Amino acid sequence: MVDKREFRADLFYRLSVFPIELPPLRDRPEDIPCCVRHFARDYAARMHKRITVISDQFMTALVRHSWPGNVRELQNSIERSVILSPGAVLSGSLPEHTGTLKLSAPVTLEEAERSAHPSDSPANRRCGRRSGGAAARLGLPGRH
């Protein structure tokens, strides 16, 4: 890909200092419980949640999943489960894979800005729709 100029040579050489080949997560299901415990501890600590147990049913589902998104997908799934966890037992559901990526219709910059800062948002109502008032209250930069 470097020869075809499809991949930056400088980035390739930075990444290839010491190549490590690792099979995808689906080919090493025995690693999943360890990864799950690690991610659950990490996210629980970050979110100040006390997660002490991972349900057997959830762990079984995680080990059986094919993980097309590899470790990043597992990590995201555990983060979502920790966020949604109401108690000390971590359980959750696996993401559904339809095999197709759903893309939204293209929008103009003006439409994107309008949807990002709707004039009828609760923050704008509290600030009396003053220019930049809601943004300041939310800790965001005002419009330029």
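Visitor: Which helix does Y13 lie in, and is Y13 buried or exposed?
Guide: This is a predicted model, and in it Y13 belongs to helix 1, which covers residues 9–15. Exposed means over 50% relative accessible area. Y13 has a relative accessible area of 56%. So the helix is helix 1, and Y13 is exposed.

Visitor: What is the area of the nonpolar surface patch that Y13 helps to make?
Guide: Y13 shares that patch with M1, F7, L11, F12 and L15. Their nonpolar surface patch comes to about 630 Å².

Visitor: Let's step back to the whole chain. How many helices and strands does the chain have?
Guide: Start at the N terminus and read off the elements: α-α-β-α-α-β-α-α-α. The tally for the chain is 7 helices and 2 strands.

Visitor: What share of the residues count as buried?
Guide: Buried means under 20% relative accessible area. The chain has 144 residues, and the share that passes as buried is 22%.

Visitor: Which helix gives the most to the largest nonpolar core?
Guide: That core has 18 residues, and V36, I54, L62, L74, I78 and L90 have the most contacts inside it. Two or more residues come from each of helix 2, helix 3 (56–64) and helix 4 (70–84). With 7 residues, the one that gives the most is helix 2.

Visitor: Which residues does V36 touch, leaving out those up to four places away in sequence?
Guide: V36 is among the residues with the most contacts inside the core. Leaving out those sequence neighbours, V36 touches I54, M59, L62, L74 and I78.

Visitor: Why do the buried residues of helix 3 line one face of the helix?
Guide: The buried residues here are F58, M59 and L62. Look down the axis of helix 3 and you'll find its buried residues on one face, because they fall within an arc of 95°.

Visitor: Which exposed residues sit on the face of helix 3 turned away from its buried side?
Guide: On the buried side, the cover includes helix 2, strand 1 (53–54), helix 4 and strand 2 (89–90). Turned away from that side is a face with the exposed residues D56, Q57 and R64.

Visitor: Now for the salt bridges. How far apart are the closest N and O atoms of R8 and D10?
Guide: The structure holds 3 salt bridges, and R8 with D10 is one of them. R8 is exposed at 52% relative accessible area, while D10 is partly exposed at 40%. Their closest N and O atoms are apart by 2.8 Å.

Visitor: In the salt bridge between D31 and R28, is R28 buried or exposed?
Guide: D31 and R28 bring their closest N and O atoms to 2.9 Å. D31 has 28% relative accessibility and counts as partly exposed. Anything under 20% is buried. R28 has 10% relative accessibility, so R28 counts as buried.

Visitor: Which helix do D42 and R46 both lie in?
Guide: The side chains of D42 and R46 meet in a salt bridge, 3.0 Å from N to O. D42 is partly exposed at 25%, whereas R46 is exposed at 56%. An α-helix has 3.6 residues a turn, so residues three or four places apart point the same way. D42 and R46 are 4 residues apart, about one turn, and both lie in helix 2 (residues 32–46).

Notes
Residues numbered from 1 in each chain as written. Predicted model: local features only at pLDDT ≥ 70, side-chain atom pairs only at ≥ 80, totals over all residues. Heavy atoms only, no water. Salt bridge = Lys/Arg side-chain N within 4 Å of Asp/Glu carboxyl O. Buried < 20%, exposed > 50% of the residue type's maximum accessible area, 1.4 Å probe, protein only. Core = buried A, V, L, I, M, F, W, Y, C linked by side-chain atoms within 4.5 Å. Contact = heavy atoms within 4.5 Å. Patch = residues over 30% accessible without salt bridge, like charges linked within 9 Å, V, L, I, M, F, W, Y side chains within 5 Å. Areas by Shrake-Rupley, 256 points an atom, 1.4 Å probe, with all protein chains shown as cover. Arc of directions from axis to C-beta.
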